[in-house]
Amino acid sequence: MNRSGVRTFAFIKQRWPLIVQSAWIVFLTEFVSRGFSGRAFAWSGIHFVPFLFNLAIIFGFVLLLTALIGSARIAYWIVAAFSFTAALISGIKLKILGVPLLPWDFVLTSETKDMTPYIKNIYDWRLLLAVAVFVAVSIVLLHKFPHFRSRFGWKERAAQALLAVCLLAVLYTDKPVPVKQMLGIQSITWDQTDNVATNGLMLASLMNIEQMFVDRVKSYDKEAVDAFVRENPVVEKETADGPRPNIIVVLSETFWDPTRIESARFSRDPLPFFHSLQETSTSGWMLSPQFGGGTANVEFEVLTGNSMRFLPQGSIAYNQYIHHGVDSLASILTRHGYTATAISPFHNWYFNSSNVYKFLGFAKYISIEFFRPIYSGPYIADSEVAKNIIAESLKTEGPDFIFANTMENHFHYYPGKFEKNTIKVEGNFSEFSKGLLETYAQGVWAADNMLRTLVEHFESRGEPTIIVFFGDHLPALGDDYEVYKDTKYITGEDDPDFLDKMYRVPVVVWNNYLPKQKDTLNISTSFLGPYILKLAGIPGTPFTDYLYELSQRIPVIPPRDYYEAMNIRESDLKQYEAVQSDILFGDRSVYGELKDKIVQPGFTLGIGPMTISNVTPDALTAGSAATITVTGQNLPAQGVIYFNGKALETSWKEEAGPADAARPSPLKNIALSAELPASSVKPGTWDVQVKVIDSQKRVIAQSNVVQLQVRAKENAG
């Protein structure tokens, strides 16, 4: 071999270990994301082409970081650490929710806290062994590999950077050489679990990132939208004669009927009232787009009539797609004289709710910051949500539309969540499963009591009222559907009835004024809104009318891979998808002039305008400690008293308000109190104000300012 050949051979010998190291990172990623199982070996053989694409992606990033940092070893550890973390989170999310880690999860940073309860179960021997083996092999690859060169000069680093950028650009765009197309690589956006299982975590993620930036305005069928607009001109309809009932819609967190598990025996019925309503009122089951989490997507379907089936699996519509007015039950009913209120016992920022509810046409949103802090377990009690619903309905003379969700029965379900589990579960399955089912049964028992409270209240009031009460998704009971398998409710993920068993949520519809009728519902959650409008006799829109008619022909819209089994053709839903795309990504031509009548200009976050009417004592003496008490209107229990701009530790208590026998509210007025240390009490005129601070330390509401006089201390005579 001549000298040039020797140099070339040496050059390659010093650099090809980067490819071996990248392959090791790919294997680690797949091993961890697939639950520390041998499926990673099988995947790399069966799906060798996707394996090579994952290798190319990791190699590209290792090369790019090597060029930027100058050290291949440091670049390796950075890429490996990120890949390991992403794979670990993806594996956990897949076990609990049935969906892997997706790129849009990273932009939903406020929701990542929702995953923290899952983390405590990942520290087992498999994780420790995987870390130990990975570190050991990595050390060998980085420090014992013969002839491996870790550092490079600036010229080669520039070449590495250029090569890495070109490689990653081709892999991402499939241009100018369509390598993914030529080799049959396809993103399975409608089934992200299959997408990751087939293409590998890194390649699936890269293709999903591409999906995030798809110009959906250009990609939808504009001709289908134009045809819909021609056939369904928007005419604002007058409210028909007859009663306009209050419409109370309650999304009960993770509400399901555990007695459907035939092998489980409960010491008493956890849902006695719900079961009694099923016998006399309209009830049934809805196909939810979610399992174990993703409540906001169910809200999105129920309130707007749009469907998650036409959006990438795992996306969160509220965070990603609601950036303008979207017609909903709230805005439709507002145009018919209703007061629309959203109530949620969780943070105002969660799922971007404070913005979304405004864009959906609500007049008011009462979030956890305005609740009395009365908890059952780690979350606000369902009974408090019921009290807020009733209190809001009593404030208005006209009809109310109230949409509320709950939190008491939110994940987790380990024993000890509630003060005491009062329902025992027996059966031929593990103590672990019994413990989770007992905790879950305790949670739905509270939901059942909430439903009873609402029905009994509105029944006694006599105002025409419709109450719709439903669950958003089934509970995640253990990893990999553990409790469902252990109790033989399902045989596994290949159970022929998996979709029906794991994605059907119960619904009951009660009213106190219509002739007795008992419909049996079998619909998708996106069809619930049009059904409610028809039941209430409230004119809808061309879109809700279209959805109601569609639901009579195709009551359930399943995932795409179920279409054939359920005799659904993609063409049957083409117009539905096109109209939804126009609503979310287009010019909203299907709304006509109504698109300017969705957002309410007076949207309020909170109970209402906060007003201080009285501060006691009304004067203080300098140098003397004091307790000040603030009363007024709409002061929340979690409000904070500010004295001269400084926050004080504040306590609350209920006080008797003016009696109103005709409309007695379950919520009394709030009095706020705070201790003023002597050092803070100085002569002068000081401002007193109440502010509401959320968990992100933002002021989200504040009262008027009242001035308090502090007298100089009199000198001893």
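A good place to enter this predicted model is Ser138, a residue that is buried because its relative accessible area is 0%, where the cut-off for burial is under 20%. Ser138 belongs to helix 7, which covers residues 125-144. Once neighbours within four places in sequence are set aside, the residues in contact with Ser138 are Trp24, Tyr76 and Trp77. One of these, Tyr76, also meets Ser138 through a polar contact between the two side chains, at 2.6 Å.

Helix 4 offers a simple check of geometry. This helix runs over residues 48-69 and holds 22 residues. At 1.5 Å a residue, helix 4 should span 32 Å, and its end C-alpha atoms lie 31 Å apart, so expectation and model agree. The expected value follows from multiplying 1.5 Å by one less than the number of residues. Just after helix 4 comes Gly70, with a positive phi near 95°.

Further along the chain, the model turns to strands. An open sheet is built from four strands in the order 14-16-20-19, with antiparallel pairing. Strand 14 (611-616) and strand 19 (650-655) stand at the edges; each has a single partner strand, and therefore one side of each is left without a neighbour in the sheet. From one strand to the next, the twist averages 30°.

The pairing at the strand 14 edge can be followed residue by residue. Strand 14 joins strand 16, residues 626-633, over five bridges in the antiparallel sense. Within this part of the sheet, Val615 is found opposite Val630 of strand 16.

How values were computed. Residues numbered from 1 in each chain as written. Predicted model: local features only at pLDDT ≥ 70, side-chain atom pairs only at ≥ 80, totals over all residues. Heavy atoms only, no water. Helix = DSSP H or I, 4+ residues; strand = E, 2+ residues; numbered from the N terminus. Buried < 20%, exposed > 50% of the residue type's maximum accessible area, 1.4 Å probe, protein only. Polar contact = N/O pair within 3.5 Å; in protein donor to acceptor, adjacent residues only side chain to side chain. Contact = heavy atoms within 4.5 Å. Pairing = 2+ DSSP bridges. Axes fitted to C-alpha atoms, helices over the stretch in contact; angles between N-to-C directions.
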